[in-house]
Amino acid sequence: MQTARDLKEYRGELKSALDNEFLRTAMDNFAVAYRASRAKAFAGMDVDGLVRDIAMAKDQAMARMDELLAEFTKNAEALGITVHVAGTGQEANEIIGRIAQNANCKRIVKSKSMTAEETLLNHHLEDLGLTVTETDLGEWIIQLRHEGPTHMVMPAIHLSRFQVADLFSDVTGTKQEGDIQKLVKVARRELRAKYAQADMGISGGNFAIAETGTIAICTNEGNGRLVTTLPRVHVALVGLDKLTPTITDALRVLKALPRNATGQAITSYVSWMTGPSECKAAPNGTKEMHVVFLDNGRRKLAKDPVFSQVLRCVRCGACANVCPVYRLVGGHQYGHIYIGAIGLILTYFYHGREKAKNLVQNCINCGACKAVCVGGIDLPRLIKEVHARIQDEEGHPLQSSLLGMVLKNRKMFHTLLRSARAVQKPVTGGTPYLRHLPMLFARGQEFRALPAIAEKAFRDQFEAIRPKTVNPKYRVALFSGCVQDFVYPEQAVAAVKILAKYNVAVDYPQDQSCCGLPVQMMGERESSRSVAEQNVAALDPAKYDYILTLCASCASHLKHGYPEILGPDSKADSRLAAKVRQFADKVIDFSSFVRDVLKVEASEFRVDGRKATYHAPCHLCRGLGVTEAPRALIGLGGLEYLPAEEEDVCCGFGGTYSMKFPEVSAELLKKKLANVEKTGAELLLTDCPGCIMQLRGGLEAKGSAMEVRHLAEALAERLK
Amino acid sequence: MSENTRLADMMAEKAGLVSAIVARIKTLDEAFAYTLDVCDKKEACQLLPSGCESDLSAEAGALCETKLGKIIAAPGLSADQTRAFGEACTKAGVEFLTEGMRSHLAGIDIGFTIAEAAIAETGTFVLDSRSEELRLATMICEVHVCVVPVSTIRETSFEVEDYLRQLAKDGPSYVAFITGASRTADIERVLAIGVHGPLELHILLLED
Ligand code: SF4
Ligand code: SF4
């Protein structure tokens, strides 16, 4: 749960989570194991196709939410179920409280329901004097600890066996040891007694199937089966987003949900409940059954053109499992009630701006969540969108609007960068690094050396090195991005050298500016849009075969971000939208261009047999789906490639993120460097100047001899 | 290889992956004998770590004490099957139940069922669970033995969809997909079997 009042308090919470050794180890092990078991579970399946089908079916269903509700209600009522619809969480709690009181129920057993967590149902029922026992083992454990879940599927993942043993010692009144198998059996017996006494069972629902009026739930423990069988009253609390048109739709989701959640082909139990079942504890031999649907903003979401896709979520928790930030700080710091990437978004809609405003800034935009989401939800973009909305509602922080203002005006921005070079001398001591940052910027930055502004920007060097071509093979516009332009111009120079050799005509339109990703990340939509427009105007796609960039982040933002910012759904006119489409289609990253378009060959490079390892930039491997080209180029370029562990996990740069959350950034970098150093390579190659800034800075700060190079440099140096 | 054999093999393999114990039988009598054998070899509430030996709160401990002797429950059988299995149990000195599960919530030794269908690709069987006795028997037992007629095995869940729909259209129903024993990984992600339901699952593939 999020109680932090401001970013400072929130950072404090992050700090203590980072210091929690047990949590860190547990989460690390989990992240690594999860990746392997997920891959195994989906092996041989057309995952992309399945995700597309689920997304499409869900979108269609959510567009007719009320129709499905009516159909479900009609069918369910015909079977004898009472259907309720609650506008808010409070209303849902009151309805359930009343059901309990009317049926004279005293003791309640519950199976896991995130929706009940959302409404804080237990508090309400306990205030009414009812006894509530969670029967999912993880939920029971956190209930005993009076805390919220830290994962949607494994709510007690943050606790050790010894903490559980202490809790169970209190429950049983006798000392319990930290033997997991025994502890589970203690829970078995203790909870069996609770079922025996309960007169009401509350479950969630993975599906509310309209065509039949069926509620279906998935559990591994089988507690759902007992909760819906023993007590004489059953209440299912279900979000309106769980309305599913047909059994086919449910089976389709069922194919993906357990695989994505825990790497299981299916959960141990799936119970399909159609109407009140036989119940010998009920006066007439039939259970009293209620379904309570919760709106709490879902109807509004369904109509939101940008956010309706969050209703595709099936609560598998995978977006947390792969999130590098979640892995470091844990669920209590990465969500309010809903956790992980989807939690950052849902918190805003279901629990309000106050709870969401700090959380939503803690996303490094690595795209790992989006890559595994079975609903195909564009989570990172929506997280930024929530951030932007909050800033529009609350007012933009000074830093953020300043940056936005400066970036909108290219000339002012570039003048500022140039004058920064002039004043930085006292802090670089003549080295290529900033040695003594002014206090204002220095907070928490000791973990890496920050580079200085280069002597001469790339834009000022270009005319002198422009390749002279006759009958060029391709016409290419180079988009450098700020970092290569002003900090690492040598990378772009190296690229030009290669292009010249292969008879490519290169242009460097001087009106290009920052790609706009930093302001997009900070929720400055206005200026993000404005720079996008400027760049599309500066690099006229009709004039070039390709728009080439050596920066993975720029490339993915130009290719996928621009059509969203300026595309047909935005306010842009249709001519601009078409031009943006053409622009985006022509954007290509350096590795793909060199390997797939130029088709370079090994014979064209000197072999020096040096050992190199690779860091896969988030925005290249997931943002653009480019994974093979750069790795192939290492070998083609005459180097020996030594793969590192977790090559595609974020290095912690994330642009402005690393200034805002330096502690998290430093930890991500530490892990990354440990993995690359383990390979024994002398060279670390990658294809994003932002990552290079982070990696080189980290190695420099720890005094490592490993060299970091852009792939373009490594290739240019070895070009025959 | 016939389609039935292929599906039966797939079912056996996939169920094995989730630690179900799979055996092949030719008649129901074999299934009864198999079950009695399992029952004979297990020691009620002692051999299997069902929690009885643990220190419990007074309430949970008291519930535990209500169980005496060995019990097999088979609530969903036809009259003939019930008679045959009942006689076999009596002969073996095992108490045989078809109802009254609510007075045995502390646990029974074996729950015996016959599945309606199965899904080979996940090792799942499908149980019509409309009867409360059956639902309880399969949850409070320490060992669940389920007979799966080979002719009812399908490859994917979509092939049992019509069955599900038909049942749902015929009035109130409760259908269960069961795959492996009751499991949890809620403490330190360590797999533990039998947190609420059976500690062991046996699937008997009946060649029919
Ligand atoms: S983009 Fe990366 S950091 Fe952000 S929520 Fe997704 S996985 Fe986490
Ligand atoms: S957002 Fe996607 S990955 Fe995250 S819980 Fe929902 S369905 Fe799973």
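Visitor: Which residue is the bridge partner of A:M273 in β9(B)?

Guide: In this predicted model, the partner of A:M273 is B:Y174, which belongs to β9(B).

Visitor: What makes β9(A) and strand β9 of chain B a pair?

Guide: Two strands count as paired if at least two bridges are found between them, and β9(A) and β9(B), the latter covering residues 173–178, are joined over 6 bridges in the antiparallel sense, so the name is earned.

Visitor: Why is the meeting of B:R165 and A:E211 called a salt bridge?

Guide: The limit is 4 Å from a side-chain nitrogen of Lys or Arg to a carboxyl oxygen of Asp or Glu; the side chains of B:R165 and A:E211 meet at 3.0 Å, N to O, and therefore the pair qualifies. The count between chain A and chain B is 3 salt bridges.

Visitor: How many residue pairs are in polar contact across the interface of chain A and chain B?

Guide: The rule finds 35 such pairs, with both residues at pLDDT 80 or more. On the side of chain A that touches chain B, several elements each supply at least two residues, among them α2 (21–42), α9 (161–172) and β9 (269–274), while α10(A) gives the largest share, 16 residues. That side divides into 37 nonpolar, 25 polar and 15 charged residues.

Visitor: What area do chain A and chain B bury between them?

Guide: Together they bury about 6000 Å², of which 56% lies on carbon and sulfur atoms. Within chain A, the residues that lose the most area to chain B are A:R188, A:R189 and A:R225, together 14% of what that side buries.

Technical notes:
Residues are numbered from 1 along each chain as its sequence is written. Chains are lettered from A and ligands numbered from 1 in the order in which they are written. This is a predicted model: local features need pLDDT of at least 70, side-chain atom pairs count only at pLDDT 80 or more; totals for chains, interfaces and linings use all residues. Side-chain values use heavy atoms; hydrogens and water are left out. Buried area is the accessible area (1.4 Å probe) that two parts lose on being put together, summed over both. A polar contact is a pair of N or O atoms within 3.5 Å; within protein, one must be able to donate a hydrogen and the other to accept it, and residues adjacent in sequence count only if both atoms are side-chain atoms. Helices (H or I, at least four residues) and strands (E, at least two) are DSSP runs, numbered from the N terminus. Ala, Val, Leu, Ile, Met, Phe, Trp, Tyr, Cys and Pro count as nonpolar, Asp, Glu, Lys and Arg as charged, and the others, Gly among them, as polar.
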